[in-house]
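Please open the structure in your viewer and keep the sequence panel visible. The tour below proceeds by selections, each followed by a description of what is found there.

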Amino acid sequence: MKFIVSIDLMDLSFNLDSKKYERISWSFKEKKPLKFDFLLAWHHTGVEESTMLSYFSNYQIQEHQPKIAVSTMTDLQCPVLQSSELRGKPEVSCSAGELLDWLGAIFSNAELNNEPNNFISTYCCPQPSTVVAKAYLCTIIGFILPEKICLLLEQLCHYFDEPKLAPWVTLSVQGFADSPVSWRENEHGFRKGGEHLYNFVIFNNQDYWLQMAVGANDDCPP
C-alpha cells in the first residue's frame with residue numbers, strides 16, 4: 001500500500017510563517033524522516049560558481065557534466081520515409097511506428113540483418129529501405145533541460161538550410177526510467193511498462209513528425 005501526497009510549492013499561502021508550512025515541515029521531520037538525492041540544473045546567470053556552491057555547503061554536492069559520444073555508422077540500412085505518409089505506403093515508404101522500432105535497434109546497437117545464427121536479435125530493417133554510406137549518431141547523457149533540447153532542435157532544422165543528401169534527421173529524447181512524473185506531471189508508471197520518450201523527425205522540406213510514447217499506466221501526452 002502506498003499513499004501519494006501532493007504539495008504545491010508554488011502556492012502563495014505556502015510561506016515560512018504559515019501554518020501550512022509548519023504542518024508540512026513537522027510531518028517531514030517528525031512523522032516520516034526521509035532523505036532524498038536531488039538532481040538540480042544550474043542556469044549560468046552571471047552568479048559566481050562559488051556563491052552557488054556555498055549555498056549548498058551543508059550538503060554533499062557534486063557537479064556533473066553531460067556525457068557526449070559521437071559514432072559513425074557506414075553502409076547503414078535505413079527505412080525510406082515520406083513526410084506526407086505517417087502510416088507508410090506499401091513498397092513506397094515505411095510508417096512512423098516502423099521508424100521508431102528501427103531507431104530503438106540503432107540505439108541498442110543491434111544487428112539489422114536477421115541472420116539465422118544471431119540469437120540476440122532477429123530484427124531487420126523495415127522495407128522499403130535504402131543503404132546510407134555514412135550516418136552519424138550523437139548521444140548526450142545527463143540532465144538536459146527543455147531549453148537545451150529546443151536549441152538542439154533548432155540547429156537540426158537549420159541543417160537543411162543548404163541542400164543536403166540526407167532526406168531526414170531525428171532528435172530522440174528519453175527520460176529517466178525511474179522518473180517520478182510522466183506526461184501532464186502525473187505519476188509515472190515505472191515498472192509497469194511506462195514509456196518515457198519522444199522523437200522528432202525533421203525532413204529536408206521542413207516538415208516534421210513528433211512521436212510521443214505513453215505507457216498503459218500513464219496519462220496521455222498533451
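Begin by selecting Tyr-198 together with Met-212, a residue of strand E5 that is the bridge partner of Tyr-198. The model in view is a predicted one.

Next, extend the selection to the two strands concerned. Strand E4 covers residues 197-203 and is joined to E5 by 5 bridges, the two strands running antiparallel. In the hairpin that they form, 4 residues lie between the strands, and Gln-206 adopts a positive phi near 75°.

Remain on strand E5, residues 208-212, and display the side chains. Which of them are buried? Trp-209 and Gln-211 point to one face and are buried, whereas Tyr-208, Leu-210 and Met-212 point to the other face and are not. Such alternation between the two faces of the sheet is what a regular strand shows in general.

Now add strand E3, residues 168-174. E3 is connected to E4 by 7 bridges, again in an antiparallel arrangement. For one such contact, select Val-169 and its bridge partner in E4, Ile-202.

With these strands selected, the whole sheet can be viewed. The sheet is open and consists of 3 strands in the order E3-E4-E5, with antiparallel pairing. E3 and E5 are the edge strands, each pairing on one side only. On average, neighbouring strands of this sheet are turned by 10° against each other, direction ignored.

Move next to the surface and select Ile-68, Val-70, Tyr-136, Ile-140 and Leu-152, which make a nonpolar patch of about 520 Å². Strand E1 (67-79) and strand E2 (129-141) each contribute at least two residues to this patch. Ile-68 belongs to strand E1. Why does Ile-68 count as exposed? Its relative accessibility is 60%, and the cut-off for exposed is over 50%.

Finally, turn to the cysteines. How many disulfides does a search of the whole structure find? The search finds 0. Select Cys-125, which takes part in no disulfide: the nearest cysteine sulfur, belonging to Cys-94, is 6.4 Å away, while a disulfide requires sulfur atoms within 2.5 Å. Cys-125 counts as buried because its relative accessibility is 3%, and the cut-off for buried is under 20%. Select Cys-138 as the last stop: with a relative accessible area of 48%, Cys-138 is partly exposed.

Definitions and conventions: Residues are numbered from 1 along each chain as its sequence is written. This is a predicted model: local features need pLDDT of at least 70, side-chain atom pairs count only at pLDDT 80 or more; totals for chains, interfaces and linings use all residues. Side-chain values use heavy atoms; hydrogens and water are left out. Patches are made of residues with over 30% relative accessible area and no salt bridge: like charges are joined within 9 Å, nonpolar side chains (Val, Leu, Ile, Met, Phe, Trp, Tyr) within 5 Å. Accessible areas come from the Shrake-Rupley method with a 1.4 Å probe; for residues, only the protein chains shown count as cover. A salt bridge is a side-chain nitrogen of Lys or Arg within 4 Å of a carboxyl oxygen of Asp or Glu. Buried means under 20% relative accessible area, exposed over 50%, partly exposed in between (1.4 Å probe, protein chains only). Two strands pair if DSSP finds at least two bridges between them. Axes are lines fitted to C-alpha atoms, for helices over the stretch in contact, and angles run from 0 to 180 degrees between N-to-C directions.
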